[in-house]
Amino acid sequence: MPEPRIRILVTNDDGIQSPGLGVLARALAKLGEVWVVAPDRERTAVAHAVTLHKPLRVHQTGDRAYAINGTPVDCVNLALLKILPRRPHLLVSGINKGVNLGDDVLYSGTVSAAVEGTILGVPSMAVSQEGRDRFHFDTGAQYALRVARLILRHGLPEETLVNLNIPDRTPKAVTGVRVTCLSRRRFENPIIEKVDPHGRTYYWIAGTRVSWSRSKDADHEAIEEGAVSLTPIHLDSTHYGVLEHLRAWEPAIRGRSVRTVTSNAKRSGGKR
Ligand code: MN
């Protein structure tokens with residue numbers, strides 16, 4: 001049998017035993033050799049955290065499958081720099097239990113794994129499935145496979161990853177596919193305050209999502225309408241349109257010390 005040409009790294013933030021990861025890995029096996037390197041337990045919402053103060057352990061759990069006691073970003077680093085014999089052609093993170101829309105990308109371990117892949121130069125995609133108790137991972141896997149094929153064929157622009165969100169529907173009930181931008185979410189009562197049995201106050205960060213802004217072509221809109229959402233995300237989050245505006249602040253930020261230097265220079269210039 002010839003050596004498979006395509007290598008794909010699969011990871012997630014729900015943990016190696018999550019069914020979404022299994023469904024994804026099986027679907028992507030149609031394209032080549034799949035390597036699974038994922039956290040040994042759920043690490044949802046750890047964003048881009050890296051483990052610096054405890055040792056990381058790698059446990060092989062199957063053929064080309066490894067569990068690590070770290071974050072999704074730890075897993076991507078160890079996979080790419082230690083575990084895989086050669087660089088993969090594609091990294092796919094997911095399928096996450098629940099959407100990652102709008103600001104979610106800043107908190108999501110699923111998306112951060114794809115960000116790390118992009119930083120390390122591997123074309124990367126995050127896949128998240130809308131749902132509550134049950135998840136149509138078969139729908140997510142079908143679309144992830146299609147996007148994966150396109151990335152392998154055409155590549156992605158430099159410093160760019162894609163964030164794929166799948167509506168809570170069977171494959172046949174999906175209404176379409178939209179390329180979208182990130183939305184903004186507004187929460188109602190994001191902090192829940194309660195009292196424990198000892199009379200002490202404690203808090204849960206657990207708001208309910210009530211409204212969205214920035215709705216033109218936004219990812220949440222596509223999902224609400226039953227469509228698949230594909231958002232390109234750029235590593236460079238510099239706001240270029242505001243550079244000039246902020247440059248007008250430079251003198252004020254320079255402050256007194258710089259003014260002193262300037263006036264000294266003027267004075268010495270005057271003496272000459
Ligand atoms: Mn998750």
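1. The core to look at is an open sheet of nine strands with mixed pairing, ordered β3-β4-β2-β1-β5-β6-β7-β13-β8. Strands here are DSSP E runs of at least two residues and helices H or I runs of at least four, numbered from the N terminus; two strands pair if DSSP finds at least two bridges between them. This is a predicted model, where local features need pLDDT of at least 70, side-chain atom pairs count only at pLDDT 80 or more, and totals for chains, interfaces and linings use all residues. Residues are numbered from 1 along each chain as its sequence is written, and side-chain values use heavy atoms, with hydrogens and water left out.

2. At the edges stand β3 (58–62) and β8 (176–179); each has a single partner strand, so one side of each lacks a neighbour in the sheet. From one strand to the next, the twist averages 20 degrees (axes are lines fitted to C-alpha atoms, for helices over the stretch in contact; angles run from 0 to 180 degrees between N-to-C directions).

3. Do have a look at β1 (residues 7–11) and β2 (residues 33–39), which run parallel and are joined by four bridges. L9 sits opposite W35 in β2.

4. Helix α1 (residues 19–28) touches β1, β2 and β5 (90–97), contact meaning heavy atoms within 4.5 Å. Its direction makes about 145 degrees with that of β5.

5. Now the metal: D13 (OD), D14 (OD), T44 (OG1) and N96 (OD1) coordinate the manganese ion at 2.1 to 2.5 Å. Donors are N, O and S atoms within 2.8 Å of the metal (3.2 Å for Na, K and Ca); water is not among the atoms, so sites may look incomplete.
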